[in-house]
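Colleague: I should like to go through the charged side-chain contacts in this model. Please show the sequence and the structure before we begin.

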Amino acid sequence: MAEALDKLRSQILRDAELKGSDMVKEATAEANKIVAEAENRAKTEAEQIILRAKTDAEAIKRRVISAEQQKARWTILEEKNRLVNDVIEEASNEVRKYVTSKDYTRVLSKLIAEALESIKTEKYVVKLSESDRKRVDTGQVETQLEKVLGRKARIQWSDEPYKCSGGVFVSDEDGKIRFDNTFEARSQRLERDLLHKVSKTLFGE
Amino acid sequence: MSGLEAVKRIVETEEQARRMLEEYKRKSQEIVSQARLDSDSTRKKLLEEAERTKNAILDKAQEDGVRASEEIRKSAEETIKRLRKNVESNKKQTIIIARATILGE
């Protein structure tokens, strides 16, 4: 009896031992799975972070470089504009001084001729600046004009001065049709052409 | 040994077995809990490392951008110097052309 009892007691304890061992084995397997899965998820997350960082880095670099390139283009363009405007200013100064040159009457006749080509009328009224009215030999201008046109034009020199540094203001008798060929108007009208020519010659473009 | 004594001993043994199993259960739970703690710690370490790498990448990009910008700036300065030099030699002729344009020559 005692022997049977001992056997039974041993069996009970052995069964408990086995069951317990299995429990620990299962727990260990689950633990390893938990750790491995968590590690994989974390690695994937980490890779995503780094990949996004690389994309952002390229964008940052591009943005910084692009901003600087834009700034550089503007700086160069501003300098070119400054240089061009300097030249145009100097040229304008020379043009203003041209009114005292011997060649001025020839230039005036050419400017009048250009205006006459635009205004088709019987008689023309020509206005000069205050100083040109006193200085210019209008007879000489008319002679030169006849050479340029190949004919005589009916011109009336206005007593009313025109506010300008030089050149002419031409209109029909009524003053309704006009052609402003003063230096100022010409500079404005020819601005685009002037800028193009100056840029081309100055920068060799 | 009496029957009663025998039953008493079996009950004791079963109680012992039950306590043994309880201990195994507790140990198993501890193994799983520790695994969760370890995986959290591993995740935290990996993500912190990734953040450090990310910041290093971004800092380098900024530095590279600044360096490249400096080169662009220097290049623009050189271009302007060249422009000014060229302009000096072409200026006189350009003024003549501009004047002629305004005068209608």
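**Salt bridges within and between chains**

Modeller: Arg73(B) and Glu68(A) form a salt bridge, with 3.2 Å between the closest N and O atoms; the term denotes a side-chain nitrogen of Lys or Arg within 4 Å of a carboxyl oxygen of Asp or Glu. This is a predicted model, in which local features need pLDDT of at least 70 and side-chain atom pairs count only at pLDDT 80 or more, whereas totals for chains, interfaces and linings use all residues. Side-chain values use heavy atoms, with hydrogens and water left out, residues are numbered from 1 along each chain as its sequence is written, and chains are lettered from A and ligands numbered from 1 in the order in which they are written.

Colleague: Why does the pair Arg73(B) and Glu68(A) join two chains?

Modeller: Helices here are DSSP runs (H or I, at least four residues), numbered from the N terminus. Arg73(B) belongs to helix α1 (residues 3-103) of chain B, while Glu68(A) belongs to helix α1 (residues 2-97) of chain A, so the salt bridge links chain B with chain A.

Colleague: Is Glu68(A) buried or exposed?

Modeller: The classes are buried (under 20% relative accessible area), exposed (over 50%) and partly exposed in between, with a 1.4 Å probe and protein chains only. Arg73(B), at 32%, is partly exposed. Glu68(A) has a relative accessible area of 10% and is therefore classed as buried.

Colleague: What separates Arg133(A) and Glu130(A) along their helix?

Modeller: These two residues form a salt bridge, the closest N and O atoms being 3.8 Å apart. Arg133(A) is partly exposed at 32%, and Glu130(A) is partly exposed at 39%. Both lie in helix α3 (residues 130-135) of chain A, three residues apart, so their separation is about one helical turn.

Colleague: Which residue of the salt bridge between Asp64(B) and Arg67(B) is exposed?

Modeller: The N to O distance of this salt bridge is 2.5 Å, and both residues lie in helix α1 of chain B, three residues apart. Asp64(B) is buried at 17% relative accessibility. With a relative accessible area of 52%, the exposed residue is Arg67(B).

Colleague: Which residues do salt bridges with shared partners join into one network?

Modeller: The structure holds 31 salt bridges over all chains. Those that share partners join into one network the residues Glu79(A), Arg82(A), Asp86(A) and Arg84(B).

Colleague: What ipTM does the predictor give the complex?

Modeller: The pTM of the complex is 0.70. The ipTM is 0.75.
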